[in-house]
Amino acid sequence: MDLLKKDRLVKISIALTCFLLTLPAAVNAADFDASLRQALTVAGMKNPLRLELQRPVDARLFKIETQGVEGSGLFKGTLHVVRCAAEVRSLSEKLKPGDQLVLAGDNWKDARFTFAGTGTEQAPILIRPEKPGDAVFTGTTEISFYGVHLIIMGIEFREVHPAKDNTVIFRLGSSEEKPAEHCIANRIKFDNCGSLSSEDWPRIRLWLMNVRGHANTVANCTFAGLKNIGQMLGAANLPAEGLQQLHVLNNRFTSRPKIDGQ
């Protein structure tokens, strides 16, 4: 590496270290973005990370994490309580901005549904469990969400196994024609998912979560124990127009067994 490049990297490293050391414990997305831009400018970097193409962290995530669902002021609509996949499907495309789809009870084995909704930036649609321990998906579950300004949080996938090759357990964005835009998947948990037979682990592909669309966020999720070949979190092809701008924030990926015995 030549001295000029090495000197530049040293300056960048120092600038980023100072930036992180001086960052307050609690900072909103706009202030974080502005502080990072300033630190890199001081280091002599002109559009170093193409920051003009970046978007701020979704402010609604910050509100939910710091103020809770009720305190965030985002969800002032109607609560729709559902207890099975059929009831979810019956409400697809029927909720209004600010409404909540509340998943109650434990009848979520082998659940298969697609849910679509259109919220707004100020009033997204929330999908969440009714209480801790509800909305635990098992069996051959495959679920999908698409639309605009949806927030899915707090649901869990435990010992879900694929019924076929190329299974996706959780889709944020159902297809290229039905993407997710400005949606958030927050505090989703995947644990010990995979084929029941170890012989199928190296030949059946499984995705825990796949994201398709523009300006989506996956935050504070846990991806643990995927046995099959495939991906814990996958991003689909770039949108036909514009940038993907997918934010992957503060997630935990763990317990990925080796399937080749090595």
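In the predicted model, Asn 250 occupies the loop that connects strand E18 (247-249) with strand E19 (252-254). Although Asn 250 is not a glycine, its phi is positive, at about 55°. Most residues other than glycine have a negative phi. The relative accessibility of Asn 250 is 63%, and the residue is therefore classed as exposed, the threshold being over 50%.

A positive phi also occurs at Glu 159, a residue other than glycine, where the angle is near 55°. Glu 159 is situated in strand E8 (residues 156-160), whereas Asn 250 is in a loop. With a relative accessibility of 48%, Glu 159 counts as partly exposed.

Strand E18 also bounds the loop that holds Gly 242, which begins after strand E17 (229-235). Gly 242 has a relative accessible area of 57% and is exposed. Along the sequence, 28 residues separate Gly 242 from His 214, yet the C-alpha atoms of the two residues are 8.0 Å apart in space.

These sites belong to a protein of 4 helices and 19 strands. Of its 262 residues, 45% are buried. The exposed surface amounts to about 13900 Å², of which carbon and sulfur atoms supply 52%. When contacts between residues at least 6 apart in sequence are considered, 72% join residues at least 24 apart.

The interior contains a largest nonpolar core of 41 residues. Within this core, the residues with the most contacts are Leu 103, Phe 137, Phe 145, Ile 155, Phe 157, Phe 170 and Met 209. Strand E13 (residues 205-211) contributes 4 residues, the largest share of this core. The surroundings of Met 209 illustrate the packing: leaving aside residues up to four places away in sequence, Met 209 touches Phe 170, Ala 185, Ile 188, Phe 190 and Val 218, as well as Cys 221, Phe 223, Met 232, Leu 233 and Gly 234. A second core, separate from the largest, comprises 10 residues, including Ile 64, Val 69, Met 153 and Ile 184.

Ile 184, a member of the second core, is found in strand E11 (residues 184-186). Its relative accessible area is 0%, and Ile 184 is accordingly buried. The C-alpha atoms of Ile 184 and Met 153 are separated by 8.0 Å, although the residues are 31 positions apart along the chain. Both residues are among the members of the second core. Beyond residues up to four places away in sequence, Ile 184 touches Asp 58, Arg 60 and Leu 61, together with Leu 150, Ile 151, Ile 152 and Thr 217.

Two of these contact partners of Ile 184, Asp 58 and Arg 60, are also found at the second largest pocket, which has a volume of about 230 Å³. This pocket is lined by 13 residues, and those closest to its centre are Val 57, Asp 58, Ala 59, Arg 60 and Glu 121. Helix H3 (residues 59-71) gives the most to the lining, with 3 residues. By residue class, the lining consists of 6 nonpolar, 2 polar and 5 charged residues.

A further loop, between strand E5 (136-139) and strand E6 (142-148), contains Thr 140. In contrast to the exposed loop residue Asn 250, Thr 140 is buried, because its relative accessibility of 17% is under 20%. Thr 140 and His 161 are 21 residues apart in sequence, with a C-alpha to C-alpha separation of 5.3 Å. With residues up to four places away in sequence excluded, Thr 140 touches Asp 110, Ala 111 and Arg 112, and likewise Val 160, His 161 and Ala 163.

Arg 112, one of the residues touched by Thr 140, also provides a reference point for Ala 86. The C-alpha atoms of Ala 86 and Arg 112 are 8.5 Å apart, while 26 residues separate the two in sequence. Ala 86 is placed in helix H4 (residues 85-91). Its relative accessible area is 41%, so Ala 86 is partly exposed.

Note on methods: Residues are numbered from 1 along each chain as its sequence is written. This is a predicted model: local features need pLDDT of at least 70, side-chain atom pairs count only at pLDDT 80 or more; totals for chains, interfaces and linings use all residues. Side-chain values use heavy atoms; hydrogens and water are left out. On a 1 Å grid over the protein atoms alone, a cavity is a set of points where a 1.4 Å probe fits but cannot get out, and a pocket is an open set with protein on both sides within 12 Å along at least five of seven lines; lining residues have an atom within 4 Å of a point. Grid points are joined across faces, edges and corners, and a volume is the space filled by probe spheres set on the points. Helices (H or I, at least four residues) and strands (E, at least two) are DSSP runs, numbered from the N terminus. Ala, Val, Leu, Ile, Met, Phe, Trp, Tyr, Cys and Pro count as nonpolar, Asp, Glu, Lys and Arg as charged, and the others, Gly among them, as polar. Buried means under 20% relative accessible area, exposed over 50%, partly exposed in between (1.4 Å probe, protein chains only). Contact means heavy atoms within 4.5 Å. Accessible areas come from the Shrake-Rupley method with a 1.4 Å probe; for residues, only the protein chains shown count as cover. A nonpolar core is a set of buried Ala, Val, Leu, Ile, Met, Phe, Trp, Tyr and Cys residues joined through side-chain atoms within 4.5 Å.
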